[in-house]
Amino acid sequence: MSRQAGSSWSSWTLGKSGASTIEPPGSDLEDENFGSPRTFDPDFKGPVADRSCTDVLCCIIFILFIIGYILLGLMAWVHGDPRRVAYPTDSNGHFCGQKGTPNENKTILFYFNLFSCTSPSLLVNLQCPTTQICVSKCPEKFLTYMEMYFMYRTRENYWSYYSQFCKAASAKPVKAFTQLLLDDDCPTAIFPSRPFLQRCFPDFSTKNGLLTIGNKTTFNDGSGKTRNVVELRAAANGVNKILDARAIGMKVFEDYATTWYWILIGLTIAMLLSWMFVILLRVTAGFLFWVFILGVIGILAYGIWHCYQEYSKLQGKPNSHLSIYNIGIQTDISMYFQLKQTWFTFMIILAILEVIVIVMLIFLRDRIRVSIALLKEGSKAIGYIPSTLIYPVLTFIFLSICISYWAVTAVYLATSGTPIYKVIAPEGQCEHENKTCDPEIFNTTEIAKACPGAHCNFAFYGGKSLYHQYITTFQIVNLFIFLWLINFVIALGQCTLAGAFASYYWALKKPDDIPPHPLFTAFGRAIRYHTGSLAFGSLILATIQMVRLVLQYLDNRLKDAQSNISRFLQCCLKCCFWCLEHVVKFLNRHAYVMIAIYGQNFCRSARDAFNLLMRNVLKVAVMDRVTEFVLTLGKILVAGCIGILAFLLFTERIPMIVEGPTSLNYYWVPLLTVIIGSYLIAHGFFSVYAMCIDTIFICFCEDLERNDGSAEKPYFIAPTLHGILNKKQLVPQKQKE
């Protein structure tokens, strides 16, 4: 591409001398590897107004997919029953605790033989291969069927207690042990348990550093075998793997009910703090940057100090030396905070983050000045178009709708159909395993005779209709379209903000030449003309993300069956697709800027953006990562400040200033909610900044290639920012001659 004399550069370095090389007048600076020469419209004054629809075919496909997605949701709503998620289901497919049923007062699911939950069939069927019934309470003591059978002769209350954990209660135990095993009417043994997620789990505890249950480390499992607590914990972990994340628990709900008012106050303060930082960036970007730096370093230092204090307090306390692995699954999560290992791990993580921040600050000190200049220019743009700060709210609403629709559709799909029962063998050695069966007549069939000990248990909800046969396919489609929509909403926001900020940049006299309502105009252009292009870019990204999810799913399901070579190859694939996703996100982001400016299709815009970035690769290296680092520090500072205030409030450390909630079960529940919510709010505000800086940078590179700084072709960028980014003012051709 031939450029005007003095208007371009062939290399741009940020060396110690700060010098840059200026190409001779009339030289061709276009690298043949980065596109053919481009011709510029001499009357270009900003985002093109005369546009046409782009990527129409992809737009039509996208609309058809949305219509199909709506129909899929309606079908799932007709066939699904969310009660099947709210209530545990026993081996006969009956709900535990459902009103109006015989199990109304039996709200907890009880496993006959928890040790069978370590069977390999668990990974295939996602069901523990043992009989499961609904009970009103969990066992509170050790007792085997044989012990109860003999003691019943002297005390009848033994059977009345034991019978509540059997399929059907009777006046007395009439079956011998061998017949009991064949009919599977009662468990061979019960042991102390407590309800967790509406299921009976072993009530583990620690005594003198040893894991125990009911003050025992070994016990009889009722079949003549002596078991230890470690085996039982492994079985409990196996059941926990197949539990859906259905309920947070009543204690967590109570904490939210108690602290919702304080959570809203914290999030409101986070919004005001983010807004204040955005305003201050326009005036004192350099000073505020150092506030970010020192604030983050201080917050991390406070976290390290607090973790060390907690670690020191636990020195010498009994059981504090245990590891997280030793105590296993605990319903009381506060037990994990009574371990030295927990606080030591937190302290190491915070120390590593502290070192990373300090090291990056040292090595990037020369490039931070460029980032500060861009932040100042971005602050001016946002100051002239303040409505851009409201747009993240619209994005949040769109994302919330997509997430809610996906979650509801997934639940209704998962609960569609009638109960399906499968043959499950505890030992996993039955040729009929995983076949469909009827629990009413199973004991009289040939399968029961061929596979002693096999059960006909509830597996899932399904049916024989065409709809039910493709439930799994519908779930995959539901997930893929969800990813597509999420990426489309993000792309729409990026293109809209890019169009608004491009209108600011290409206004020669700011703010007089900025068109009215630039954000609304850019949003209308993106929806009317470029829905297909945005859908095309988001489709590529959604496809990559879907592949990554499939790889992660296979890794989780086949983790124990993989060889070292297969694990290595899978790790390589996951790493490659992770890198590919981030590269595509980067290119898409800049392609949307080109779409917002020129109104061309996605492929053309992506190609032009890539070529432009390659011609300015050194500028990209300086600008992109450093600016992102600065904005990330701002997000961490906002979340950290609000997090410290919330921590002091919820742990009652500042009763003299303000009295917070005093009856929390887990203070970390509202604390994490406030910290994550504050970070997301700060991310919403600072993401506008990030998009503004990206747009200004792309426009700046285009500006350098279009204009030469003369009176006929003046630069649109501010002179101060031009001097910092280009490192040397360009000399017009006549002066050089």
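**Exercise 1. Cys-59**

Task: Decide whether Cys-59 is buried or exposed in this predicted model, then find which cysteine sulfur is nearest.

Solution:
- Take the accessibility. Cys-59 has a relative accessibility of 19%.
- Apply the cut-off. Buried means under 20% relative accessible area, so Cys-59 counts as buried.
- Now look at the bonding of the cysteines. Cys-166 and Cys-186 are joined by a disulfide, and both are buried. Cys-59, in contrast, is in no disulfide.
- Check the distance. The nearest cysteine sulfur belongs to Cys-53 and is 7.3 Å away from that of Cys-59.

**Exercise 2. Cys-579**

Task: Explain why Cys-579 and Cys-575 are not bonded through their sulfurs.

Solution:
- Cys-575 holds the cysteine sulfur closest to that of Cys-579.
- The two sulfurs are 4.3 Å apart. A disulfide needs them within 2.5 Å, so this pair is too far for a bond.
- Add the surroundings. Cys-579 has a relative accessible area of 35%, so this residue is partly exposed.

**Exercise 3. Counting and placing the disulfides**

Task: State how many disulfides the whole structure has, then describe each pair.

Solution:
- Recall the bond. A disulfide is a covalent bond between the sulfur atoms of two cysteines.
- Count. The search of the whole structure gives three disulfides.
- Start with Cys-96 and Cys-134. Their sulfur atoms lie 1.9 Å apart. The angle about the S-S bond is -80°, and the link is left-handed. Cys-96 sits in the loop between α2 and β1, while Cys-134 sits in strand β2; these distant parts of the chain are 38 residues apart. Cys-96 is buried at 0% relative accessibility. Cys-134 is buried too, at 5%.
- Go on to Cys-138 and Cys-200. Here the sulfur atoms are 2.2 Å apart. This link is left-handed, with -95° about the S-S bond. Cys-138 is in the loop between β2 and β3, and Cys-200 is in strand β6, so the pair ties together parts 62 residues apart in sequence. Cys-138 counts as buried at 5% relative accessibility. Cys-200 is buried at 5% as well.
- Finish with Cys-166 and Cys-186. The S to S distance is 2.0 Å. The torsion about their S-S bond is about 115°, so this disulfide is right-handed. Cys-166 lies in the loop between α5 and α6, and Cys-186 in the loop between α6 and β4, so the pair ties together parts 20 residues apart in sequence.

**Exercise 4. Strand β2**

Task: Find which strand pairs with β2 and in what sense, then decide whether the faces of β2 are covered or open.

Solution:
- Find the partner. Strand β1, residues 108-111, pairs with β2 in the antiparallel sense.
- Count the bridges. There are four between β1 and β2.
- Pick out a facing pair. Ile-108 stands opposite Val-135 in β2.
- Sort the side chains. In a regular strand they alternate between the two faces of the sheet. In β2, Gln-132 and Cys-134 take one side, and Ile-133 and Val-135 take the other.
- Conclude. These four residues are all buried, and both faces of β2 are covered.

**Exercise 5. Two helices**

Task: Work out how α13 runs relative to α16, and which residue classes make up their contact.

Solution:
- Read the geometry. The axes of α13 (residues 391-414) and α16 (residues 471-505) come within 10 Å and cross at roughly 180°.
- Apply the cut-off. Angles over 145 degrees count as roughly antiparallel, so α13 is roughly antiparallel to α16.
- Sort the contact by class. The contact has 18 nonpolar, six polar and no charged residues.

Note on methods:
Residues numbered from 1 in each chain as written. Predicted model: local features only at pLDDT ≥ 70, side-chain atom pairs only at ≥ 80, totals over all residues. Heavy atoms only, no water. Buried < 20%, exposed > 50% of the residue type's maximum accessible area, 1.4 Å probe, protein only. Pairing = 2+ DSSP bridges. Axes fitted to C-alpha atoms, helices over the stretch in contact; angles between N-to-C directions. Parallel < 35°, antiparallel > 145°, perpendicular 65-115°, else oblique. Nonpolar A, V, L, I, M, F, W, Y, C, P; charged D, E, K, R; others polar.
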